[in-house]
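Reader: I'm in my first year and still learning how to read a structure like this one. Could you take one part and walk me through it slowly, please?

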Number of protein chains: 2
Amino acid sequence: MAPQNISHYDIVIVGAGPVGLMLSTLLARWGYKIKHIDNRPEPTPTGRADGIQPRSLDLLRNMGLKPAIMAHEPARVYEVAFWDPPKGGDGIERTGTWASCPSFIDARYPFTTLLHQGLIERVFISDLAKNNVEIQRPWTIKDFTSDESQNPEYPVEVKLEHVDGSAQETVRAKYLFGGEGARSFIRQKLGIQVRHKDPISYVWGVMDGVVKTDFPDIKMKCTIHSRDGSIMVIPREDNMVRLYIQIASSTDPDFNPRKTASEADVQAYAKKILQPYSIEWERVEWYSVYPIGQGISDNYTLDHRVFLGGDACHTHSPKAGQGMNTAFLDAQNLAWKINLVERGFAHRSLLQTYEFERKDVAETLLSFDNKYAKLFSQKPPPANAVAAANESAPVTEESHGDNQFIQVFKESCEFTSGYGVKYQPSVITWSPQHPVQSPVVQPEGNKLRPGRLMINADVTRVVDANVVHLEQEIPMNGSFRIFVFAGKSDLTKGALSDLEQGLRKRSSFYATYERQDVKTVSHHEKHNPHSHFFTFCVIFANKRPQVEISRDVPGLLAQYRDHVYADDLWSRRVPDARASAHAKMGFDQDHGGVVVVRPDGYIGFVTSLVEGTATVDALNAYFGSFCTKKIGHDSAQL
Amino acid sequence: MAPQNISHYDIVIVGAGPVGLMLSTLLARWGYKIKHIDNRPEPTPTGRADGIQPRSLDLLRNMGLKPAIMAHEPARVYEVAFWDPPKGGDGIERTGTWASCPSFIDARYPFTTLLHQGLIERVFISDLAKNNVEIQRPWTIKDFTSDESQNPEYPVEVKLEHVDGSAQETVRAKYLFGGEGARSFIRQKLGIQVRHKDPISYVWGVMDGVVKTDFPDIKMKCTIHSRDGSIMVIPREDNMVRLYIQIASSTDPDFNPRKTASEADVQAYAKKILQPYSIEWERVEWYSVYPIGQGISDNYTLDHRVFLGGDACHTHSPKAGQGMNTAFLDAQNLAWKINLVERGFAHRSLLQTYEFERKDVAETLLSFDNKYAKLFSQKPPPANAVAAANESAPVTEESHGDNQFIQVFKESCEFTSGYGVKYQPSVITWSPQHPVQSPVVQPEGNKLRPGRLMINADVTRVVDANVVHLEQEIPMNGSFRIFVFAGKSDLTKGALSDLEQGLRKRSSFYATYERQDVKTVSHHEKHNPHSHFFTFCVIFANKRPQVEISRDVPGLLAQYRDHVYADDLWSRRVPDARASAHAKMGFDQDHGGVVVVRPDGYIGFVTSLVEGTATVDALNAYFGSFCTKKIGHDSAQL
């Protein structure tokens, strides 16, 4: 085939599981041309991953996909119950329960959402269809090459084939993404090794079905240890329940990784473990036995053109329901970086932060999975320790200080909820080692930590007096989110005006990346009236009726009129604060501060809001450290 | 046509606006055979009603229709702004704002939802399709007769015709419902007169469109009085805004009810009123001029076979956005009563309470509409009064005592939110004049008022630890909802056991109306395991982990295992309560009480929960006062 006849894509995505679909959905929304294949004839019909962690639900909401997920009426797990043999008796008894996402985590949705992976996949597939992307099935990847020296724009050539070998296609692309799962062809072809963190491996049996039982916690997540073995119970939509049963462990004296068990074996096993409770299956939807080892790939990419993500990069036990959630975040992390590079905003080196950030999270996941597995294998803690962790009132740091188990539990909950993800310092994630140094950066008292999520807060939108979730106000559209906490409007008038003047300067990060069509943008455009790369929010520590946009918000910022807020709602987490959102962020309630949140919701940079040019200088320097154009040369140097 | 060839229906519904669709949707879900016609070729294409009040959103959620409504991203009105001429100046200025549904109303959704009527109609039409009901369009009613003596089961004969006269159909039905709007053919044919409460009538112009304006409150509900006239502004989905303009009033010296105005006239008028702000129309979606008078029909039915509802019974100004909401409640009220009569549970006389209850609400609506119109015509209150009403913290009764305006405002907000509806005493709505008299009825201190809505409360569901809205836990399925607030489980053990024993007696209201298929009901049935007419909820004033259903809930009540709750969540409205739901209801936190909520969410009856037979005797007597079978003859008489 002559090269000129080859179809060209921005990206070829292999695998339509959670990681591939998230990547495809985001890039399709942002206008990229996508070839997306999967070797299965249809979406996951039954079984596989089913747990959406609290933070992932935030992300899905931010993408507008939460209603479609919730329309399936998924099960919601708020608590975990532990069952053990009674002292010196037969059978099992409940020895404790604790919150799945305890109140010390400031989560919008403090529960895990359980829904069949196929239904979740279909939500993404429907969204893709709106952007005219269809998954090509059942197709597989046969080969690929990547060589920028031959074709700097479309360096990747990919050979695709129908699984029955009846058709082939060769395409060129800017990027290739392998979201093919643990046995990734792309990873193997790149010669990237998988390291096993923990030498222990397991064989698991998993069964989804509808049961009849008198076991009282069948609608809770349970870990059951009996003298006859252990089971994990996870409720599902449509009265279903999933049981995980550990069939073999490499620590067993007679371990065989190919050990298996029939459906009837597992049911008999479960019946024994659950005694004195009875259990009968009305229907089995899915049953599978599979060996699982902890593994992490040495690299997520070699050339920053061919990338891996999801199970292709990291495998671990299903116990904590992290697989799909980690996959979502891999994809989201890569998507916005590809977007900023391809749109000419960021240096290509930004793509290096994908492996840097996500591999570190995977390492943490595997360490955690190790610890979690041990935690589950151990006897549960005494009831009084569980009770302390389970208090519904906010818990202070101190009250946990003296119990090591609860500390471990707390760390685990933060991690499993998704709120514990922390990206390491880099050019996009400020730290004291960052090139930008200024007295205004990371002002004292603020609780926002670069690399962690923006803190949740309720505020009142000024234009329509709607009560809104501030962290959700800007959709996942690829823009940086710049939250200007403006304190009391009469005290910050000068600082806000100076900031706006600074943004207006031709060399500011903002003016430099102004939209080319800025003069013809619709006045209904809420998020990107001036630039595709930034959305501004201004939050005053005033009551809503006291805020007058035309008077209090300087011209350029006033263009974001739908993003002006009053911080005038009470919060139980800061009950004495006058301006609860300012207080939650740890900003001075009179003078505020500025937060730059990356397109994925993680904090990049925090500065004070001060009179003069220091605030805008700091912002210019931050963006200047990774964007393609020279920034801030006509303003004072830091 | 020979009678045996005539199709028979449970009900013929004429008109597929909000009232007809609500009635049809409920009855279709409950298995009734429905003929539903509408004389329009398609659902409302543009304009007409668009305001869903806070309580109506509760109702739609209870029916599972809220997600489909919210998927259209309706506008949400939290506040109302008042604009007036400045003292001695030209133009207009904002003189105050206040909450649309202030915090003294304990609403789940303290906002009005604005969405085009056609989209709302389509949500119902989709639901009807699931039950195989299709609106027959464009068809109209030509004639009907109703005669129980001729045909006691299907007394109504209805002649229907295609609007172009090309086809006719005669059908028989148990009921006929006229939801045809203000010019109801059915009402006219019955000879029911419409009384005009207020001799004043108006001509209104209404325009829906997308505008470009610098008027700052264009996304708020506004009442603008200028020296050039008045306008009401109502935001809508898709950046639309609705303007209501009063074109003529019968109090004008030259009043002409046929006065009209062109689209351009109204735009010019609006431009003048909004000065110094500018407004331009990018698109007009709908424009209409129509005369409106306050009217109420003398009767809603003559024979309790042919019923009227919605605008066929009451017309009023569009100012408070009540039309669709009142229509919903008319239909809902009639639906559950028809259902209980047709299923053989209630005496046919229950149907008399439809007109009794709903006409009284319509009278209240018209009185309110009158007052509201005057309120809008008057100068708005001084800014300090508005500020007091607008406090976001809960407001005590006392703090309003000294300001007559705020009192009126408070009453209005309660009514317009839908939370103010109060049904007058009758056989289903207990009062001191009710035949059931017992010391346990309406126990001292309780805040539940028969005829008003069940109070909202958050509780924890025991089986899965989910945080739920108690008042939403039982769907609108036609069953009475019996909430047993069981106080502290160790203190009420005897009372709960005695209640259960009483329910088990063959002559109890409960056993008398047991399902015939009770022995084969699926164990997954959550709401009606024993009876189609009742669902029980048991709420303990204990922490969730302290509740053990197998130990604490007696056998028959334990069948409702998905309806056992722990009252262990903190509420800002009763911050010091140990059991906030008990406290909100005004029940003793140790000993609880029992509430019977009608299928529509309104309270029917309240008793103490005591040891012995008094509680079940009172319940037997309450249901016995309107059900078809003899109840409680083998238990002690009251």
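Reader: What is the handedness of the crossing where helix 1 of chain A passes helix 7 of chain A, and which residues make the contact?

Author: Happy to help! Helix 1 of chain A passes helix 7 of chain A in a right-handed crossing; please keep in mind that this is a predicted model. The axes of helix 1 (residues 18-29) and helix 7 of chain A come within 8 Å and cross at roughly 30°. Angles under 35 degrees count as roughly parallel, so helix 1 of chain A is roughly parallel to helix 7 of chain A.

Now for the residues. From helix 1 of chain A come Pro18(A), Val19(A), Met22(A), Leu23(A), Leu26(A) and Leu27(A). Helix 7 of chain A brings Met324(A), Ala327(A), Phe328(A), Asp330(A), Ala331(A), Gln332(A), Leu334(A), Ala335(A) and Ile338(A). Sorted by class, this contact of helix 1 with helix 7 of chain A has 13 nonpolar residues, 1 polar and 1 charged.

Helix 7 of chain A, which spans residues 323-342, also has a crossing with helix 2 (residues 54-62) of chain A. Here the axes come within 10 Å, and the crossing angle is roughly 45°. That makes helix 2 of chain A oblique to helix 7 of chain A. The crossing of helix 2 and helix 7 of chain A is left-handed. On the helix 2 side you will find Arg55(A), Ser56(A), Leu59(A) and Leu60(A), and they meet Asn325(A), Phe328(A), Leu329(A) and Gln332(A) of helix 7 of chain A. By class, the contact of helix 2 with helix 7 of chain A divides into 4 nonpolar, 3 polar and 1 charged residues. As you turn the model, look for Phe328(A) and Gln332(A): they are listed in the contact with helix 1 of chain A and also in the contact with helix 2 of chain A.

Let's step back to the wider setting. Chain A and chain B each give 33 residues to the contact between them. The area buried between the two chains is about 2900 Å², with carbon and sulfur atoms giving 44% of it. Between chain A and chain B there are 6 salt bridges. Glu79(B) and Arg544(A) form a salt bridge, with their closest N and O atoms 2.5 Å apart.

Over all chains, a search of the whole structure finds 80 salt bridges. Among them is the pair Asp106(A) and Arg573(A), at 3.1 Å from N to O. This pair links distant parts of the chain, 467 residues apart. Asp106(A) sits in the loop between strand 6 and strand 7 of chain A, while Arg573(A) is in the loop between strand 24 and helix 15 of chain A.

Definitions and conventions:
Residues are numbered from 1 along each chain as its sequence is written. Chains are lettered from A and ligands numbered from 1 in the order in which they are written. This is a predicted model: local features need pLDDT of at least 70, side-chain atom pairs count only at pLDDT 80 or more; totals for chains, interfaces and linings use all residues. Side-chain values use heavy atoms; hydrogens and water are left out. Axes are lines fitted to C-alpha atoms, for helices over the stretch in contact, and angles run from 0 to 180 degrees between N-to-C directions. Helices (H or I, at least four residues) and strands (E, at least two) are DSSP runs, numbered from the N terminus. Angles under 35 degrees count as roughly parallel, over 145 as roughly antiparallel, 65 to 115 as roughly perpendicular and the rest as oblique. A crossing is left-handed if the near helix is turned anticlockwise from the far one by less than a right angle, and right-handed if clockwise. Contact means heavy atoms within 4.5 Å. Ala, Val, Leu, Ile, Met, Phe, Trp, Tyr, Cys and Pro count as nonpolar, Asp, Glu, Lys and Arg as charged, and the others, Gly among them, as polar. Buried area is the accessible area (1.4 Å probe) that two parts lose on being put together, summed over both. A salt bridge is a side-chain nitrogen of Lys or Arg within 4 Å of a carboxyl oxygen of Asp or Glu.
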